[in-house]
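Dear colleague,

I am handing over the structure below, and after it I set out what was found. Please read the notes with the coordinates open beside them.

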Amino acid sequence: GLYRVEGTSMEPALPEGTLALGVRAGRISPGDVVVIRDPFGPGLVVKRVDSAQQRGRVLWLVGDNPVGTVDSRAWGWVASSRVRARVVLAVKR
């Protein structure tokens, strides 16, 4: 699917307005950028996988902009079942 990055949490790599092409997640590794269902609200969010535990069933997700993000530092570990897509291409607008 095609997703639009909203907000500044993924700057500078993915500034607001970036279009991200996501594919079915498959195997997820640290460093991958993923689209997930927001753990505490409606909608989707884009975050980077920092680490995985329990054979990848739970993920620690971070934004690239540590002062402008809400991520696993607030959420804790996130179930990998929340992942909608792994970003394979991003086009900055």
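A residue is called buried when its relative accessible area is under 20%, exposed when that area is over 50%, and partly exposed in between. Asp-64, with a relative accessible area of 22%, is therefore partly exposed, and Arg-48 has that status as well because its value is 22%. Please keep in mind throughout that this is a predicted model.

These two residues form a salt bridge through their side chains, with an N to O distance of 2.8 Å between Asp-64 and Arg-48. The pair links distant parts of the chain, since Asp-64 lies in the loop between strand 5 and helix 1 whereas Arg-48 lies in strand 4, 16 residues apart. In general, side chains of opposite charge can pair when their charged atoms come close. The count of salt bridges comes to two, and Arg-73 and Asp-71 also form one, with their closest N and O atoms 2.4 Å apart. Asp-71 is buried, because its relative accessible area is 2%.

Which side chains make polar contacts with that of Lys-47? The side chain of Ser-9 does so at 3.0 Å, and the side chain of Thr-69 does so at 2.9 Å. Ser-9 is found in the loop between strand 1 (2–4) and strand 2 (19–23), while Thr-69 lies in the loop between strand 5 and helix 1 (72–75). Ser-9 has a relative accessible area of 12% and so counts as buried, and Thr-69, at 18%, is therefore buried too. Leaving aside neighbours within four places in sequence, the contacts of Thr-69 are Ser-9, Lys-47 and Gly-63, and those of Ser-9 include Val-46, Asp-64, Asn-65 and Gly-68.

Lys-47 also appears among the contacts of Leu-61, which, with residues up to four places away in sequence not counted, include Val-34, Ile-36, Arg-48, Asp-71 and Trp-75. Leu-61 has its place in strand 5 (residues 58–62) and is buried, because its relative accessible area is 0%. The C-alpha atoms of Leu-61 and Pro-30 are separated by 9.1 Å, although these residues are 31 places apart along the chain.

On the surface there is a nonpolar patch formed by Leu-2, Leu-21, Val-23, Val-88, Leu-89 and Val-91, which together have about 490 Å² of accessible area. Strand 2 and strand 7 (83–91) are the elements that give two or more residues to the patch, and strand 7 gives the most, with three residues. Val-88, whose place is in strand 7, is at 41% relative accessibility and therefore counts as partly exposed.

Two points of backbone geometry may deserve your attention. Glu-11 and Pro-12 are joined by a cis peptide bond, with omega at about 5°, and Pro-12 is found in the loop between strand 1 and strand 2. Gln-54, a residue other than glycine, has a positive phi near 55° and lies in the loop between strand 4 (44–53) and strand 5.

As for annotation, an unreviewed UniProt entry places the feature "domain: Peptidase S24/S26A/S26B/S26C" at residues 3–66. Over residues 3–66 the chain is 0% helix and 42% strand, and the end C-alpha atoms are 22 Å apart.

With best regards

Note on methods
Residues are numbered from 1 along each chain as its sequence is written. This is a predicted model: local features need pLDDT of at least 70, side-chain atom pairs count only at pLDDT 80 or more; totals for chains, interfaces and linings use all residues. Side-chain values use heavy atoms; hydrogens and water are left out. UniProt positions are given in the numbering used here, feature names are shortened, and annotations may be inferred rather than shown by experiment. Helices (H or I, at least four residues) and strands (E, at least two) are DSSP runs, numbered from the N terminus. Buried means under 20% relative accessible area, exposed over 50%, partly exposed in between (1.4 Å probe, protein chains only). A polar contact is a pair of N or O atoms within 3.5 Å; within protein, one must be able to donate a hydrogen and the other to accept it, and residues adjacent in sequence count only if both atoms are side-chain atoms. Contact means heavy atoms within 4.5 Å. Patches are made of residues with over 30% relative accessible area and no salt bridge: like charges are joined within 9 Å, nonpolar side chains (Val, Leu, Ile, Met, Phe, Trp, Tyr) within 5 Å. Accessible areas come from the Shrake-Rupley method with a 1.4 Å probe; for residues, only the protein chains shown count as cover. A salt bridge is a side-chain nitrogen of Lys or Arg within 4 Å of a carboxyl oxygen of Asp or Glu.
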